[in-house]
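Work through the exercises below with the sequence and the structure at hand.

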Amino acid sequence: MNNSTAYRIRDFSESDRAGVDALGSPVVGWWHGDGLNASLHLVAETADSGEIVGHVQARDRGVPEPSRRPWQCHFSLVVAEAHRRQGIGTRLYDRVKAFALQREARQVWTAYLESVDSPAGSFLESRGFEQLERYLPSTCDLRTFDPRDHWAAVERVENQGIELTTYAEIGDSPDQRKRLYALEESARSVQPFREVGKYVPTPYREWEDAFMRSDQTALFIAREPVTQELVGVVTGMEWYFTATHPEWCGRGIATALKIRCMQEAKARGIETMETENHEDNVGMLKINRRLGFVFGAAEVACVKRITTQQ
């Protein structure tokens, strides 16, 4: 790229969305909610043609309160490959740093996909970021998945008297929803994220609104038949959440539910299934490997600890 090319940075507008999508950096919609005054959203463009060549978005994760991530500012930054090494990334990051200081953040947090020679890794390291944690995405080819190879795991759970079914088969009711909500929240509260505060429950109305839009035939449930307690759930067949009540872990429930989920997905003609797990979630990583999930490049979360003098 000619070093004489001039660039300008300006606020993002909706007309920029196609150009931003082309960079492979989709807009995180909920980061930019109206009235919060707690986000930053910018694009970099060439001065002559107006081509979008950079995109950054940042969010004060301490808003709204209560928050599990007080004092954290998260951001996502990308520059088109043909326009790198022109100072665009530095200019965008400087705006993020100023935003974080204005918001009185103590940490600036971002993530990138790991590779042998990741430009994002060296860019962040040179600016004082340290690696914090990894998220491991994986994919299973359901065309080659045979549930019969794993059915003994399902039978082990059923032999404990635990019922494996779907939410649709149980039947919806306000009480049943509250049981499911309690199960999901109990499981989310012990997810192994690093450097976060006390778990903040999802407001029930918000959870219920999302639940009512879900496919109840694709919610796979483990239930204790005597007390009717819901002890495990897989929340769908595409990018789902697998949850076991903490008091019921270690009984093979998550494995059995995933097998039932994958069996149904295969029957519906779904060819691939994707998921992602935190590196500290050793149990789910082991389950996914056993069921044939293949792991891809890790998402590396990095943090920079800042002071008011920076």
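The exercises cover a buried-or-exposed call, a helix pair and some backbone angles.

The model is predicted, so local features need pLDDT of at least 70 and side-chain atom pairs pLDDT 80 or more, while totals for chains, interfaces and linings use all residues. Residues are numbered from 1 along each chain as its sequence is written, and side-chain values use heavy atoms, without hydrogens and water.

**Exercise 1.** Decide whether S138 is buried or exposed.

Solution. Locate S138 in strand β6 (residues 130-141); strands are DSSP runs of E with at least two residues, helices runs of H or I with at least four, numbered from the N terminus. The relative accessibility of S138 is 3%, so S138 is buried (buried is under 20% relative accessible area, exposed over 50%, partly exposed in between, with a 1.4 Å probe and protein chains only).

**Exercise 2.** Find how helix α8 (residues 253-267) is oriented to helix α9 (residues 282-290).

Solution. The two helices pack at an angle of about 40°, with axes 10 Å apart. Therefore α8 is oblique to α9 (under 35 degrees is roughly parallel, over 145 roughly antiparallel, 65 to 115 roughly perpendicular, the rest oblique).

**Exercise 3.** Which peptide bond leads to P64, cis or trans?

Solution. Place P64 in the loop between β3 (52-60) and β4 (72-79). The bond from V63 to P64 has omega near -5° and is cis. The bond from E65 to P66 is cis, with omega near -5°. Most peptide bonds are trans.

Conventions
Axes are lines fitted to C-alpha atoms, for helices over the stretch in contact, and angles run from 0 to 180 degrees between N-to-C directions.
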